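Trainee: I have a chain to go through with you. Could we take it question by question?

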Amino acid sequence: MESMSLTTLAEEHLAAARVGSAGRSAVTVHGRHDFVLRQTLIALVEGQALAEHESPPEATLQVLQGRVRVTAGEDFWEGAAGELLVIPPERHDLRALEDSVVLLSVGTAG
């Protein structure tokens with residue numbers, strides 16, 4: 001079995017995001033492009049965003065730390081630590097309302 005501490009990874013990547021010029025840091029924690037399930041930990045400092053992009057076939061976003069906003073068209077969702085969003089199947093963006101870490105889980109057709 002393989003295990004890791006998401007808490008430790010979150011702390012490491014948030015620290016990297018705070019000193020990095022892009023204000024973000026990410027790592028794939030499970031899966032590759034040939035896997036059906038891929039999980040990516042993303043750390044964003046307050047105010048930073050992932051610009052509008054296409055939605056994968058199936059995805060969820062779990063907030064591990066902080067608060068974020070996902071906007072899809074005229075709809076938006078604000079989530080805080082412990083909350084989970086099923087990402088809508090449309091273009092959307094992600095913005096950190098405060099220093100934040102999320103876990104993006106994506107299902108693909110394989």
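Mentor: One term before we start. Two residues are in contact when heavy atoms of theirs lie within 4.5 Å. Keep in mind that this is a predicted model.

Trainee: Which residues does Val68 touch, leaving out those up to four places away in sequence?

Mentor: Apply the contact cut-off of 4.5 Å between heavy atoms. Val68 is also among the core residues that touch the most other members. Its contacts are Leu61, Val63, Trp77, Glu78, Gly79, Leu94, Arg95, Ala96, Leu97, Ser100 and Val102.

Trainee: Which residues of the largest nonpolar core touch the most other members?

Mentor: Nonpolar side chains tend to be buried together in soluble globular proteins. The largest nonpolar core here has 15 residues. Those touching the most other members are Leu44, Leu61, Val68, Val70, Trp77, Leu94 and Val102.

Trainee: Which strand gives the largest share of this core?

Mentor: At least two core residues come from each of E2 (37–44), E4 (58–65), E5 (67–72), E8 (92–96) and E9 (100–107). The largest share is three residues. The strand that supplies it is E4.

Trainee: How many residues make up the other core?

Mentor: This core lies apart from the largest one. Its members include Leu9, Leu14, Ala43 and Val101. The count is 10 residues.

Trainee: In what order do the helix and strands run from the N terminus?

Mentor: The chain has one helix and nine strands. The helix, H1, covers residues 6–19. From the N terminus on, the order is α-β-β-β-β-β-β-β-β-β.

Trainee: What radius of gyration does the chain have, and what would a compact globule have?

Mentor: The C-alpha atoms fill a box of roughly 40 × 35 × 25 Å along the principal axes. For 110 residues, a compact globule would have a radius of gyration near 13 Å. The chain agrees, with 13 Å.

Trainee: What share of the contacts with a separation of 6 or more joins residues 24 or more positions apart?

Mentor: Leu37 and Val106 illustrate such a contact: Leu37 touches Val106, and the two are 69 residues apart along the chain. Over the chain, the share is 63%.

Trainee: What part of the exposed surface do carbon and sulfur atoms supply?

Mentor: Of the 110 residues, 35% count as buried. The chain exposes about 6,500 Å². Carbon and sulfur supply 51% of that area.

Trainee: How far apart are the centres of the positive and negative side chains?

Mentor: There are 8 positive and 16 negative side chains. Take the centre of each set. They lie 5 Å apart.

Trainee: Is His13 buried or exposed?

Mentor: His13 sits in helix H1. It touches Ser25, Ala26, Val27, Leu41 and Ala43, leaving out residues up to four places away in sequence. Its relative accessibility is 14%, and the cut-off for buried is under 20%. So His13 counts as buried.

Trainee: What is the relative accessible area of Ala10?

Mentor: Ala10 also lies in helix H1. Beyond four places in sequence, Ala10 touches Leu41, Gln65 and Val101. Ala10 is buried, because its relative accessible area is 1%.

Trainee: How far is Val27 from Ala10, C-alpha to C-alpha?

Mentor: Val27 lies in strand E1 (residues 24–30). It is partly exposed, at 25% relative accessible area. Val27 and Ala10 are 17 residues apart along the chain. Their C-alpha atoms are separated by 9.8 Å.

Trainee: Where is Asp99, and which residues does it touch beyond four places in sequence?

Mentor: The place of Asp99 is in the loop between E8 and E9. At 26% relative accessibility, Asp99 counts as partly exposed. Its C-alpha atom is 7.4 Å from that of Arg67, 32 residues away along the chain. The residues touched are Leu14, Arg18, Leu44, Val45, Glu46, Gln65 and Gly66.

Trainee: What separates the C-alpha atoms of Leu37 and Val106?

Mentor: Leu37 lies in strand E2 and is partly exposed, with a relative accessible area of 39%. Beyond four places in sequence, Leu37 touches His30, Gly31, Ser105 and Val106. The C-alpha separation between Leu37 and Val106 is 5.7 Å.

Notes:
Residues are numbered from 1 along each chain as its sequence is written. This is a predicted model: local features need pLDDT of at least 70, side-chain atom pairs count only at pLDDT 80 or more; totals for chains, interfaces and linings use all residues. Side-chain values use heavy atoms; hydrogens and water are left out. A nonpolar core is a set of buried Ala, Val, Leu, Ile, Met, Phe, Trp, Tyr and Cys residues joined through side-chain atoms within 4.5 Å. Buried means under 20% relative accessible area, exposed over 50%, partly exposed in between (1.4 Å probe, protein chains only). The radius of gyration is taken over C-alpha atoms; the globule rule is 2.2 Å times the number of residues to the power 0.38. Accessible areas come from the Shrake-Rupley method with a 1.4 Å probe; for residues, only the protein chains shown count as cover. Lys and Arg count as positive and Asp and Glu as negative; His and the chain ends are not counted. The place of a charge is taken as NZ of Lys, CZ of Arg, CG of Asp or CD of Glu.
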